[in-house]
Amino acid sequence: MKNLCIAIDGPAASGKSTVGSKLADRLGFLFFDTGVMYRAVTWAALDRGIAIANEEAVSELAAMIKIEVTKPEIEDGRQYTVWVDHQDVTWQLRSNAVNGGVSPVSTYAGVRRALTEQQRRIADSGAIVMVGRDIGSVVVPNADVKVYLDATIEERARRRLVDMQARGQKADMDAVVENLCSRDRIDSTRKVAPLSIPVGATIIDSTELSIDQVVDKIVTLVATAQEKADC
């Protein structure tokens, strides 16, 4: 399985990162949540006082900053460490301000161009689990395994609320539902690489499934893909 590329797409809070991380651990693959790159650009813009609505300035920033994603170096529940110009911003990327700005930033053509090329170079190494919203449809449409992971809006909101509360952030269910619905609209209707079900992807509804059950389903898909590759 060392050369396979696995793409997992889906809406916000559908469980992509949790499932992808556990799947990568089980297979011994690299885990890469591409969404953190857009969050990193959003955080950097806010940190530098650049208006999220200023597409040109945000796109220029995306092409200038150095974003790195490495294995966790601190045992605080993180799945990876995200660096922006050598600064650890891992948890800052989940703030309410970043949550509110990342979807517009992800629609900017200049930002997507700057980040997509880097994502493709990483994917070329193989033995990787990539998660995001346009992985199987745009970034690596020829991925060996493509999965679209979904769940009801109520279940996704519950997961996001639990996650935020675990980090000591204040939030209520109605606000979380509103934020997720807004992100769904923006992600699905943007002109550049909108959220969609990739051609050939297997759809998995995780609403009633545990993390391990979802991972098991994808492992079965990976085993089938490996058999085909060996033929």
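# A tour of two sheets, a helix pair and two pockets

Start with strands 3, 4 and 5, which form an open sheet in the order 3-4-5 with antiparallel pairing. The model on screen is a predicted one. Colour strand 3 (67-70) and strand 5 (87-88): these stand at the edges, and each has a single partner strand, so one side of each is left without a neighbour in the sheet.

Next, select strand 4 (residues 81-84) together with strand 3. Four bridges pair the two in the antiparallel sense. To see one of the pairings, show E68 and W83: W83, in strand 4, is the bridge partner of E68.

Keep the sheet displayed and add helix 2 (residues 35-47). Helix 2 packs on this sheet and touches strand 3, strand 4 and strand 5. Sight along strand 4 and the direction of helix 2 makes about 40° with that of the strand.

**Helix 2 and helix 3**

Now add helix 3 (residues 55-64). The axes of helix 2 and helix 3 come within 10 Å and cross at roughly 115°. The crossing is right-handed. For the contact itself, show side chains: V41, A44 and A45 on the helix 2 side meet V58, L61 and A62 on the helix 3 side. Which classes of residue make up this contact? Six residues are nonpolar, with no polar and no charged ones.

**The parallel sheet**

Hide these helices and select strands 1, 2, 6, 7 and 8. These five strands form an open sheet in the order 2-6-1-7-8, and the pairing is parallel. At the edges are strand 2 and strand 8 (202-205), each of which pairs on one side only. Neighbouring strands in this sheet are turned by 20° against each other on average, direction ignored.

Zoom in on strand 1 (residues 5-9) and strand 7 (residues 145-150). The two run parallel and are joined by four bridges. Label I8, and opposite I8 you will find V147 in strand 7.

**The largest pocket**

Turn on a surface and select S17, T18, R94, R160 and D163. Of the 46 residues that line the largest pocket, these are the closest to its centre. The space in this pocket is about 970 Å³.

To see where the lining comes from, colour helix 1 (16-27), helix 2, helix 4 (96-107), helix 7 (153-166), helix 8 (173-189) and helix 9 (211-230); each supplies at least two residues. Which helix gives the most to the lining? Helix 7 does, with six residues. Coloured by class, the lining shows 15 nonpolar, 15 polar and 16 charged residues.

**The second largest pocket**

The last stop holds about 330 Å³ of space. Select L30, F31, K71, P72 and Q79, the closest to the centre of the second largest pocket among the 17 residues that line it.

Here the elements that each supply at least two lining residues are helix 1, strand 2 (30-33), strand 3 and helix 5 (109-123). Strand 3 is the edge strand from the start of the tour, while strand 2 is an edge strand of the parallel sheet. By class, the lining of the second largest pocket has 11 nonpolar, four polar and two charged residues.

Notes. Residues numbered from 1 in each chain as written. Predicted model: local features only at pLDDT ≥ 70, side-chain atom pairs only at ≥ 80, totals over all residues. Heavy atoms only, no water. Pairing = 2+ DSSP bridges. Contact = heavy atoms within 4.5 Å. Axes fitted to C-alpha atoms, helices over the stretch in contact; angles between N-to-C directions. 1 Å grid on protein atoms, 1.4 Å probe; cavity = no way out; pocket = protein on both sides within 12 Å on 5 of 7 lines; lining within 4 Å. Points joined across faces, edges and corners; volume = space filled by probe spheres on them. Nonpolar A, V, L, I, M, F, W, Y, C, P; charged D, E, K, R; others polar. Left-handed = near helix turned anticlockwise from the far one by under 90°.
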